[in-house]
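Reader: I'd like to go through this one with you and ask how each label was earned. Could you start with the terms you need?

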Amino acid sequence: MPLLDTWTPGQHTADGVTHPTYRKGSGPGVIVIHEIPGLTPTVIGFGEEVVAAGHTVVMPHLFGKPEAPPTGGAIAKVLPRVCISKEFTTMAVGETSPVATWLRSLARSLHDELGGPGVGALGMCFTGGFALAMMVDPSVAAPVLAQPSLPFPVGKKRAADLNLSPADLAAVKERAAAGCQVLGLRYAKDVAVGTRFETLSRELGDAFLRVDLDGKGHSTVTEQRSQEAVDRVLAFFDEKLRPSA
């Protein structure tokens, strides 16, 4: 049976941009944003874990072929397309990827429907920093950055950059100062993350909850799945998204 058969297909439109979505579960909302090359079996599997933990999960389909495994050929096919897409800022510093506007709208829509303190958002690798950009909107109460890798860490400035405009960084810092925490996950030896965890610690202080995993893996909750990472994510969503008793 295809992996997405038990998910409800839909779509979301904002500012003239439409992307398909897949939805499943009940409870507080969580947006899971896939990595390159797309909605792979392991990304869908992680989404299932979040559903099983008691959440309504929405997975946007931004690029690639749903359910296709992350082979070298699939990555080689998708990567050039996303690198030239106007929705993603892959090399520039001090800029927010335009797709963040669409993702914020999706988060607002889900929060308006479900209520509660807000929604969770998790990006991974290529999309890892998008959850931070979504935090600009108050509907996002639990942002998670899994091995954020944009802009590509070519040179010191890009390696340290957060893929945020100055205005968005200021808004993120304001929300962090007001109590919104950010969870970050990476393998300690993963060069794709560059030095942006140090940037996050400097800019957000104690509001940045940093998890450095042992080993040389990259994809913390999918291909090189760490149970510690998954447990930390699920605990974070539970803490931040369940209404206080």
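Author: Happily! Buried means under 20% relative accessible area, exposed means over 50%, and partly exposed lies in between. Please keep in mind that this is a predicted model.

Reader: Why is C125 called buried?

Author: C125 has a relative accessible area of 17%. The cut-off for buried is under 20%, so C125 counts as buried.

Reader: And what makes C83 partly exposed?

Author: Its relative accessible area is 31%. Partly exposed runs between 20% and 50%, so that is the label for C83.

Reader: How do you know how many disulfides there are in the whole structure?

Author: A search of the whole structure finds zero. C83 is in no disulfide, and the nearest cysteine sulfur to its own belongs to C125, 11 Å away. A disulfide needs two cysteine sulfur atoms within 2.5 Å, so the 11 Å from the sulfur of C125 to the closest one, in C83, is too far for a bond.

Reader: Let's move to R104. Why is this arginine called buried?

Author: R104 has 13% relative accessibility. Buried means under 20%, so R104 counts as buried. This residue sits in helix 3, residues 99–114. Leaving out residues up to four places away in sequence, R104 touches T96, A133, M134, V136, D137, S139 and D168.

Reader: Which residues of helix 7 are buried, and how do you know whether they line one face of the helix?

Author: In helix 7, residues 196–204, the buried ones are R196, F197, T199, L200 and L204. Viewed down the helix axis, they fall within an arc of 155 degrees, so they line one face.

Reader: What covers those buried residues of helix 7?

Author: The cover includes helix 4 (130–134), helix 5 (156–160) and helix 6 (166–177), along with strand 6 (140–146), strand 7 (182–187) and strand 8 (208–213). Just after helix 7, G205 takes a positive phi of about 60 degrees.

Reader: Stepping back, what makes the protein chain as compact as a globular protein of its length?

Author: The chain has eight helices and eight strands. Its radius of gyration is 16 Å, close to the 18 Å that the globule rule gives for 245 residues, so the chain is as compact as a globular protein of that length. Buried residues make up 53% of the 245 residues. Among contacts between residues at least 6 apart in sequence, 74% join residues at least 24 apart.

Methods
Residues are numbered from 1 along each chain as its sequence is written. This is a predicted model: local features need pLDDT of at least 70, side-chain atom pairs count only at pLDDT 80 or more; totals for chains, interfaces and linings use all residues. Side-chain values use heavy atoms; hydrogens and water are left out. Buried means under 20% relative accessible area, exposed over 50%, partly exposed in between (1.4 Å probe, protein chains only). Helices (H or I, at least four residues) and strands (E, at least two) are DSSP runs, numbered from the N terminus. The arc is that of the directions from the helix axis to the C-beta atoms. Contact means heavy atoms within 4.5 Å. The radius of gyration is taken over C-alpha atoms; the globule rule is 2.2 Å times the number of residues to the power 0.38.
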